[in-house]
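Here is a friendly walk through one protein model, meant to be read with the structure open beside you. Let us begin with a single pair of residues and work outward from there.

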Amino acid sequence: MKQSTFAHRYRGDAGILRLMDDLGRALATDERVYMMGGGNPSHIPEVMARFRRSMEAILADPARFNRMVGNYAAPQGDVSFLKALANLLRREFGWEIGPENIALTNGSQTSFFYLFNMFAGPFPDGTNRKILLPLAPEYIGYADVGLEGDIFIAARPEITLLDAHTFKYHVDFSAITSRDDIGAICVSRPTNPTGNVLTDEEIARLSQMAHEMDVPFIIDNAYGTPFPHIIFTDAQPIWDDHVILCMSLSKLGLPGTRTGIIIANEDIIRTITALNAIVSLAPTSVGAFIVHDLVESGEIIEIGQNLVRPYYQRKAEQAIEWLHQEMDDLPFYVHVAEGAIFLWLWFKDLPITSHELYERLKERGVIVVPGHYFFPGLHEEWRHKHECIRMTYSQDEETVREGIRIMGEVVRRAYDA
Ligand SMILES: Cc1ncc(COP(=O)(O)O)c(C=O)c1O
């Protein structure tokens with residue numbers, strides 16, 4: 001049967017689809033697999049126990065249970081949760097926001113599908129606009145969401161070497177000249193895939209740029225503060241009328257509840273609410289119910305600061321130590337780990353592409369993600385795109401330790417050949 005242009009657009013050659021498929025198939029073998037490819041958060045025992053206690057309290061209260069699973073929420077999301085979160089953000093950061101500034105979605109991936117198509121593509125005035133990603137590499141999940149195909153413009157970063165094996169990307173402001181076809185500026189902070197946290201100065205400059213261009217500044221806070229707080233620097237979050245802050249419960253440990261949160265001005269929230277109603281009647285309430293009391297009491301902040309952040313920081317430091325042990329005599333660099341659940345490795349002048357490296361690692365049972373997927377909107381050829389890989393360090397110690405050992409062997413062989 002024939003399918004529409006819409007269908008062809010999405011079943012085409014979406015990198016994320018191919019990759020998820022490939023990762024799924026790699027896992028379906030009998031061989032031992034060292035999975036360092038996906039974006040699953042860890043199941044931190046104390047955090048999962050806290051969510052279980054919340055769920056038990058809901059189950060023990062029939063009226064609450066019935067409301068959670070037996071009613072459609074408002075299309076803007078569970079009203080009681082919106083109020084609790086607005087109060088928390090006012091208390092914590094002093095932001096002038098109320099429930100009218102927040103909407104829930106079925107995961108922040110859905111938020112980006114809405115937002116990028118709201119601010120890129122054809123506009124009623126006849127213009128065609130793009131989303132500016134001021135610093136590539138950026139999150140692979142953005143790449144294919146545009147109804148109009150390629151909707152991104154991205155810029156190369158500045159690379160600063162911090163020591164013999166550590167580097168950091170910065171926004172190259174000279175590369176992001178002001179254009180009149182930009183519909184929004186977007187960054188993930190902390191960044192997936194690199195673990196970079198854009199500095200407060202960079203954020204202030206980008207925000208000012210967006211304000212002057214009269215476009216929104218979208219900040220993807222999936223790993224940021226106040227939750228899940230997988231952020232190892234003391235970078236400050238920002239809010240303004242032209243800022244759209246996207247949050248998620250996924251990396252806190254609840255990806256299965258598919259809960260995305262958009263914080264924005266009322267006009268934008270009205271559009272999100274309409275999209276929710278049309279696409280799915282209402283967003284899910286399950287995540288909102290599980291964390292409601294934690295948000296109301298502020299305990300969610302302590303969970304982030306005292307449990308989630310130290311857990312991931314320890315794991316990141318341990319993985320970096322192992323990487324140094326295995327590869328310090330090679331031209332290898334790791335992006336400074338400032339947050340998120342990944343390490344971004346750069347093998348300078350690697351004689352093979354990162355895709356070939358990915359294939360060779362896969363043959364040895366080690367699954368990572370080749371770096372070239374993470375440059376949506378950066379169309380120019382740049383060798384660096386093919387010299388990097390992303391690895392997740394959120395898996396158990398044995399997986400990460402052995403995965404890194406095998407990686408050392410495979411990379412060394414590639415340089416030696
Ligand atoms: C930077 C970033 N943004 C958004 C998402 C989407 O998260 P979710 O749809 O689970 O809320 C992810 C998931 O890995 C991510 O890494």
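Asp220 stands opposite Cys246 in β10. Before going further, please keep in mind that this is a predicted model.

**Around β10**

The pair just named belongs to a longer run of contacts: strand β9 (residues 217–220) and β10 pair in the parallel sense over 4 bridges. On β10 there is also a pairing with strand β11 (residues 260–263), where 4 bridges join the two strands and the sense is antiparallel. Within that pairing, Ser248 of β10 has Gly260 of β11 as its bridge partner. Strands of a sheet pair through backbone hydrogen bonds, either parallel or antiparallel.

How many of the residues of β10 are buried? For this strand, residues 243–248, the count is 6 of 6, and the strand is mostly covered. Val243, Leu245 and Met247 point one way, Ile244, Cys246 and Ser248 point the other way, and all are buried.

Ser248 turns up again at the ligand. The ligand is surrounded by 14 residues, and the closest are Gly107, Ser108, Gln109, Ser248 and Ser250. By class, this shell holds 3 nonpolar, 10 polar and 1 charged residue.

**The loop from β9 to β10**

The loop between β9 and β10 holds His229. Is His229 buried or exposed? His229 is buried, because 24 other C-beta atoms lie within 10 Å, and the cut-off for a buried residue is 20 or more. Leaving aside residues up to four places away in sequence, His229 touches Gly304, Gln305, Val308 and Arg309. Asp181 is 48 residues from His229 in sequence, and the two are 34 Å apart in space, C-alpha to C-alpha.

Pro226 is found in the loop between β9 and β10 as well, and the peptide bond that leads to Pro226 from Thr225 is cis. A second cis bond runs from Arg189 to Pro190, with Pro190 placed in the loop between β8 (182–188) and α7 (200–213).

**Backbone angles worth a look**

The table gathers the cis peptide bonds and some positive phi angles.

| Site | Feature | Angle |
|---|---|---|
| Arg189 to Pro190 | cis peptide bond | omega near -5° |
| Thr225 to Pro226 | cis peptide bond | omega near 5° |
| Asp214 | positive phi | about 60° |
| Asp349 | positive phi | about 60° |
| Gly365 | positive phi | about 85° |

Asp214 takes its positive phi although it is not a glycine. Its place is in the loop between α7 and β9, and Asp214 is exposed, with 8 other C-beta atoms within 10 Å. Asp349 is not a glycine either. Asp349 is found in the loop between β13 and α11, and with 8 C-beta neighbours inside 10 Å it counts as exposed.

**Helix α11**

Gly365 comes just after α11. In this helix, residues 354–363, the buried residues include Ser354, Leu357, Tyr358 and Leu361. Why do the buried residues line one face of the helix? Seen down the axis of α11, they fall within an arc of 105°, so they line one face. An α-helix has 3.6 residues a turn, so residues three or four places apart point the same way. On the other side of α11, Glu359 and Glu363 are exposed. The cover over the buried residues of α11 includes β14 (366–367), β15, β16 (388–392) and α12 (397–416).

**A sheet of six strands**

β15 and β16 also take part in an open sheet of 6 strands, in the order β6-β7-β12-β13-β16-β15 and with mixed pairing. Its edge strands are β6 (158–163) and β15 (369–370), each of which pairs on one side only. Further in, strand β7 (residues 166–170) runs parallel to β12, joined by 2 bridges. Phe167 stands opposite His335 of β12.

**Two domains**

The domain assignment gives domain 1 (5–46 + 303–412) and domain 2 (71–298). Their C-alpha centres lie 23 Å apart. Where they meet, 40 residues of domain 1 are in contact with 44 residues of domain 2. On the domain 1 side, the elements that give two or more residues are α2 (15–27), α10 (299–327), β12 (332–335) and β13 (342–347). Of these, α10 gives the most, with 8 residues. By class, this side has 24 nonpolar, 11 polar and 5 charged residues.

Methods:
Residues are numbered from 1 along each chain as its sequence is written. This is a predicted model: local features need pLDDT of at least 70, side-chain atom pairs count only at pLDDT 80 or more; totals for chains, interfaces and linings use all residues. A residue is near a molecule or strand if its C-beta atom, placed from the backbone, lies within 6 Å of it. Ala, Val, Leu, Ile, Met, Phe, Trp, Tyr, Cys and Pro count as nonpolar, Asp, Glu, Lys and Arg as charged, and the others, Gly among them, as polar. A residue is buried if 20 or more other C-beta atoms lie within 10 Å of its own, exposed if 12 or fewer, and partly exposed in between; C-beta atoms are placed from the backbone. Two strands pair if DSSP finds at least two bridges between them. Domain bounds come from an automatic or database domain assignment. Two residues are in contact if their C-beta atoms, placed from the backbone, lie within 7 Å. The arc is that of the directions from the helix axis to the C-beta atoms.
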